[in-house]
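Visitor: I'd like to learn how to read a structure like this one, feature by feature. Could we start with a single residue and work outward?

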Amino acid sequence: MLTTAVQLSSYAYCDPTTYFDMNYPSFIPTYKIYNRAHDINGLMGYKTDEESIYISIRGSQSAVDWLMDDIRISQVEYEYCNDCHVHSGFYAAERAVIDDI
């Protein structure tokens, strides 16, 4: 599972315009995740050898991303988990794309 996570994470750092053109071993991309305001890129797809759906979103890569989301180190409650907290910048980014996913 860790190998799969690392492999799929590396795909999210590729040029998003090539997500559907790349040759992935046993992975079929089905949806490009993108939000310009939060500088989010990623992809969702199906891993055929595991019969599993994966979502992979790249981490911070631009100054905009760092300034808008990462510099805020406060945590907020995460509504989908009891007594859980999440980085406020990550939460804002997640909220920006979750409805599309």
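Guide: Gladly, and keep in mind that this is a predicted model. Let's start with Ile-28, which is partly exposed because its relative accessibility is 45%, and partly exposed lies between the cut-offs of 20% and 50%. Ile-28 belongs to strand S1.

Visitor: Which residues form a nonpolar patch on the surface with Ile-28?

Guide: Its partners are Tyr-46 and Ile-53, and the patch has about 300 Å² of accessible area in total.

Visitor: What is the order of the strands in the open sheet?

Guide: The order is S1-S2-S3, with antiparallel pairing. Strand S1 (27-35) and strand S3 (52-57) are the edge strands, each pairing on one side only. From one strand to the next, the twist averages 20°.

Visitor: How many bridges join S1 to strand S2?

Guide: Eight bridges join S1 to S2, which covers residues 40-47. For a concrete pair, look at Ile-33, which stands opposite Gly-42 in S2. Helix H3 (residues 88-97) packs on the sheet, where it touches S1 and S2, and its direction makes about 110° with that of S1.

Visitor: How does that fit into the whole chain?

Guide: The protein chain has three helices and five strands. Read from the N terminus, the elements run α-β-β-β-α-β-β-α. Of the 101 residues, 32% are buried.

Visitor: Now the charged side chains. How many salt bridges does a search of the whole structure find?

Guide: The search finds four. To read one, check that a side-chain nitrogen of Lys or Arg is within 4 Å of a carboxyl oxygen of Asp or Glu. Lys-47 and Asp-49 form one of them, at 3.2 Å from N to O.

Visitor: Is Lys-47 buried or exposed?

Guide: Lys-47 is buried, because its relative accessible area is 3%. Asp-49 counts as exposed, because its relative accessibility is 54%.

Visitor: Which residues are linked in a network of salt bridges?

Guide: The network links Glu-79, Glu-94 and Arg-95. Arg-95 meets Glu-79 at 3.7 Å, N to O. That pair links distant parts of the chain, with Arg-95 in helix H3 and Glu-79 in the loop between strand S4 (75-77) and strand S5 (85-87), 16 residues apart. Arg-95 also forms a salt bridge with Glu-94, whose closest N and O atoms are 3.8 Å apart.

Visitor: And how accessible are Glu-94 and Arg-95?

Guide: Glu-94 is buried, because its relative accessible area is 11%. Arg-95 has 30%, so Arg-95 is partly exposed.

Note on methods: Residues numbered from 1 in each chain as written. Predicted model: local features only at pLDDT ≥ 70, side-chain atom pairs only at ≥ 80, totals over all residues. Heavy atoms only, no water. Pairing = 2+ DSSP bridges. Helix = DSSP H or I, 4+ residues; strand = E, 2+ residues; numbered from the N terminus. Axes fitted to C-alpha atoms, helices over the stretch in contact; angles between N-to-C directions. Contact = heavy atoms within 4.5 Å. Patch = residues over 30% accessible without salt bridge, like charges linked within 9 Å, V, L, I, M, F, W, Y side chains within 5 Å. Areas by Shrake-Rupley, 256 points an atom, 1.4 Å probe, with all protein chains shown as cover. Buried < 20%, exposed > 50% of the residue type's maximum accessible area, 1.4 Å probe, protein only.
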